[in-house]
Amino acid sequence: MLRALTPCRVIAVDVREEALALAERSGAHLSTKATTDTSRVLRATTSGTGVDAVLDFVGSRSTLDLGTRGLRADGDLVLVGSGGGELTVRKPGSLPPGSRISLPFWGSRDELADVVALSRSGALKVEAERFPLTAVHEAMSALRDGRLSGRAVLVPG
């Protein structure tokens, strides 16, 4: 969506090579494996300033730590995932000065319609595996175990 809607440079970080390959197929400009050097890699690709925004789709302690270390001053940390991580907010602290944190839960109906329209136009590159509604437990297990490359979609039948 970022590539379809903005001119920003997209950098994907993950621990799994399959997820990084998916990010590249989906339009990421750069992908890098999460290691102890990742924040240094992010800073190097931004001439030392850090990234403008971090979208954390995991929300674990380690991803929050990486996100705050890679974020620039006045950057945005968007915590999407609910991985149980905690972020201590204090001044001064681990967040760069002027940082903004948001904890989105879901978008509006109009925003969902916009996403569907983007997908129908071909502007989004989405990979999904279909599961019948009766296989919801199998779909959830596949998501939890990291056996999916992309999204799980439940369909009637």
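Which pattern does the protein follow when read along the sequence? It goes α-β-α-β-α-β-α-β-β-α-β-α-β, and that string is built from 6 helices and 7 strands. Keep in mind that this is a predicted model. Along its principal axes, the C-alpha trace spans about 55 × 30 × 30 Å. The chain has 157 residues, and 26% of them count as buried. As for contacts, take those with a sequence separation of 6 or more: residues 24 or more positions apart account for 40% of them.

Let's start with a pair of helices. Two packed helices are described by the angle between their axes and the distance between the axes. For helix H3 (residues 38–45) and helix H4 (residues 61–70), the axes come within 9 Å and cross at roughly 30°. Angles under 35 degrees count as roughly parallel, so H3 is roughly parallel to H4. The crossing of H3 past H4 is right-handed. On the H3 side, the residues involved are Thr 38, Ser 39, Leu 42 and Arg 43, and they meet Leu 66, Arg 69 and Gly 70 of H4. Sorted by class, this contact is a mix of 2 nonpolar, 3 polar and 2 charged residues.

While we're in H4, have a look at Ser 62, which lies in this helix. The side chain of Ser 62 makes a polar contact with the side chain of Ser 60, at 3.3 Å. Ser 62 can also be paired with Gly 83: 21 residues separate them in sequence, and their C-alpha atoms are 9.9 Å apart in space.

Another serine side chain to check is that of Ser 31, found in strand S2 (residues 30–33). Is Ser 31 buried or exposed? Its relative accessibility is 17%, so Ser 31 counts as buried, given that the cut-off for buried is under 20%. Setting aside neighbours within four places in sequence, Ser 31 is in contact with Ala 12, Leu 20 and Glu 24. With Glu 24, there is a polar contact between the two side chains, at 2.3 Å.

Now for the backbone. Most residues other than glycine have a negative phi, and most peptide bonds are trans. Where does Ser 47 lie? Ser 47 sits in the loop between H3 and strand S3 (51–56), and its phi is near 55°, a positive value in a residue other than glycine. With 73% relative accessibility, Ser 47 counts as exposed. Asp 74 has a positive phi too, about 65°, although Asp 74 is not a glycine. Asp 74 lies in strand S4, and because its relative accessibility is 41%, Asp 74 counts as partly exposed.

The peptide-bond case is at Lys 91 and Pro 92, which are joined by a cis peptide bond with omega of about -10°. Pro 92 is placed in the loop between strand S4 (71–79) and strand S5 (100–102).

Finally, follow the chain from Lys 91 to Ala 135. These residues are 44 apart along the chain, and their C-alpha atoms are separated by 47 Å. Ala 135 is in a loop as well, the one between strand S6 (128–132) and helix H6 (136–144). At 13% relative accessibility, Ala 135 counts as buried.

Terms used: Residues numbered from 1 in each chain as written. Predicted model: local features only at pLDDT ≥ 70, side-chain atom pairs only at ≥ 80, totals over all residues. Heavy atoms only, no water. Axes fitted to C-alpha atoms, helices over the stretch in contact; angles between N-to-C directions. Helix = DSSP H or I, 4+ residues; strand = E, 2+ residues; numbered from the N terminus. Parallel < 35°, antiparallel > 145°, perpendicular 65-115°, else oblique. Left-handed = near helix turned anticlockwise from the far one by under 90°. Contact = heavy atoms within 4.5 Å. Nonpolar A, V, L, I, M, F, W, Y, C, P; charged D, E, K, R; others polar. Polar contact = N/O pair within 3.5 Å; in protein donor to acceptor, adjacent residues only side chain to side chain. Buried < 20%, exposed > 50% of the residue type's maximum accessible area, 1.4 Å probe, protein only.
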